[in-house]
Amino acid sequence: GALVQLSKAATMIGKVCMVILHGSGSCGQDIAGYLDSVPIPEYRFETFRDAASALSMDIITPSAASRRYTPFGGERCNVWYDRSADFMRSGLSDVEDFDGADQSLEKVLSKIQQIESKYDHVFIGGFSMGGGLALHTLRKHYPEKLRGIFTMGSFLVQESAVVTGPLGRSAQVPILMMHGESDSMIRCEWGRQTASNLLLRDLNVQFRTYKNVDHEMDTSELADLLDWVKDTLLLHLEQTAAASNSDGKDSSFSIS
């Protein structure tokens, strides 16, 4: 089964840190509670956290700072950055709160740097606004052990610094963008256009859609996320072994 395959893969892969960022108005505790309890049918109905543990993966769910959020009438809530009052109407043409996003991301990456030495691999992603923030990692040169970036129900505005500005070494990692076709808050076409914009920058992006999925972290997306992490890491190790061989080092790696 999938869990047995993950356990076998874990012995080769090493220790993994997955950072999952929450959406607007939520918090790290909320998303942690969901991942602790939601059963994944594709993984024998194990919870997401238990299935991830089989891959020697720790899940980290930080919380955004409380700040005034314009779409909520200026009320304070946990958001990574601000949006305009009518962002659901303006969508891709909305204005990016670059300073807010950059400040939030630096805090998240600082926390990762504090614990990165305990891990062999790091993934960063998130739901909705959290995924949007994770994509800003593409502008950075760290985390050093970053292996991939993922999003669920997320997008970037057309004039985002990630779309128009300079990118960092982190832009070399694979990106998985997942989106519900029935998303009633962040339209699926916004996510698709974001993926297209990143592809035009020669980034390694996959965009997957899910029928009858609204603005939510669906179990089918979470199952695909686990599969993608495993496949991404096995490919990374295979490529690392191949590079070592080309350098004349005695190294071997095989995927069975």
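The expected span of a helix is 1.5 Å times one less than its number of residues. Keep that rule handy for the exercises below, and keep in mind that this is a predicted model.

**Exercise 1. Check the length of α5, then find what it packs against.**

Step one: α5 has 18 residues, and the expected span at 1.5 Å a residue is 26 Å. Step two: look at the model, where α5 reaches 26 Å from its first C-alpha to its last, close to that expectation.

Step three: pick out the buried residues of α5, which are Gly100, Ala101, Asp102, Ser104, Leu105, Val108, Leu109 and Ile112. These pack against β1, β5 (66-69), β7 and α6.

**Exercise 2. Do the length check for α8 and list what covers its buried residues.**

Step one: α8 has 12 residues, so it should span 16 Å at 1.5 Å a residue. Its end C-alpha atoms are 17 Å apart, which agrees.

Step two: the buried residues here are Cys188, Trp190, Gly191, Thr194, Ala195, Asn197 and Leu198. Their cover includes α4 (87-90), α6, α7 (161-164), β9 and β10.

**Exercise 3. Work out the strand order of the open sheet and name its edges.**

Step one: walk across the 6 strands, and you get β4-β1-β7-β8-β9-β10, with parallel pairing. Step two: look for strands that pair on one side only; these edge strands are β4 (57-60) and β10 (205-210). Neighbouring strands of the sheet are turned by 15° against each other on average, direction ignored.

Step three: follow some of the pairings.
- β1 and β4 are joined by 4 bridges, and methionine 18 has isoleucine 59 in β4 as its bridge partner.
- β1 and β7 are joined by 6 bridges, with cysteine 17 standing opposite valine 122 in β7.
- β8 and β9 are joined by 4 bridges, and phenylalanine 150 has leucine 176 in β9 as its bridge partner.

**Exercise 4. Sort the residues of β1 by face, and say whether each face is covered or not.**

Step one: recall that in a regular strand the side chains alternate between the two faces of the sheet. Step two: apply that to β1, with Val16, Met18 and Ile20 on one side and Cys17, Val19 and Leu21 on the other. Step three: check burial. Both faces turn out to be covered, and 6 of the 6 residues of β1 are buried.

**Exercise 5. Find glycine 125 and describe its surroundings.**

Step one: glycine 125 sits in strand β7. Step two: its relative accessible area is 0%, and buried means under 20%, so glycine 125 is buried. Step three: leaving aside neighbours within four places in sequence, glycine 125 is in contact with Val19, Ile20, Leu21, Gly130, Ala134 and Phe150.

**Exercise 6. Describe the largest nonpolar core and the elements that build it.**

Step one: this core has 40 residues, and Ile124, Leu138, Ile149, Ile175 and Leu198 have the most contacts inside it. Step two: the elements giving two or more residues are β1 (16-21), α5 (98-115), β7 (121-127), α6 (129-135), β8 (146-152), β9 (175-180) and α8 (188-199). α5 gives the most, with 5 residues.

Step three: zoom in on isoleucine 175. Not counting residues up to four places away in sequence, isoleucine 175 touches Leu135, Leu138, Ile149, Leu198, Leu203, Asn204, Val205, Gln206 and Trp228. Step four: don't stop there, as a second, separate core of 33 residues includes Leu55, Ile59, Tyr210 and Leu222.

Terms used
Residues are numbered from 1 along each chain as its sequence is written. This is a predicted model: local features need pLDDT of at least 70, side-chain atom pairs count only at pLDDT 80 or more; totals for chains, interfaces and linings use all residues. Side-chain values use heavy atoms; hydrogens and water are left out. A nonpolar core is a set of buried Ala, Val, Leu, Ile, Met, Phe, Trp, Tyr and Cys residues joined through side-chain atoms within 4.5 Å. Buried means under 20% relative accessible area, exposed over 50%, partly exposed in between (1.4 Å probe, protein chains only). Contact means heavy atoms within 4.5 Å. Two strands pair if DSSP finds at least two bridges between them. Axes are lines fitted to C-alpha atoms, for helices over the stretch in contact, and angles run from 0 to 180 degrees between N-to-C directions.
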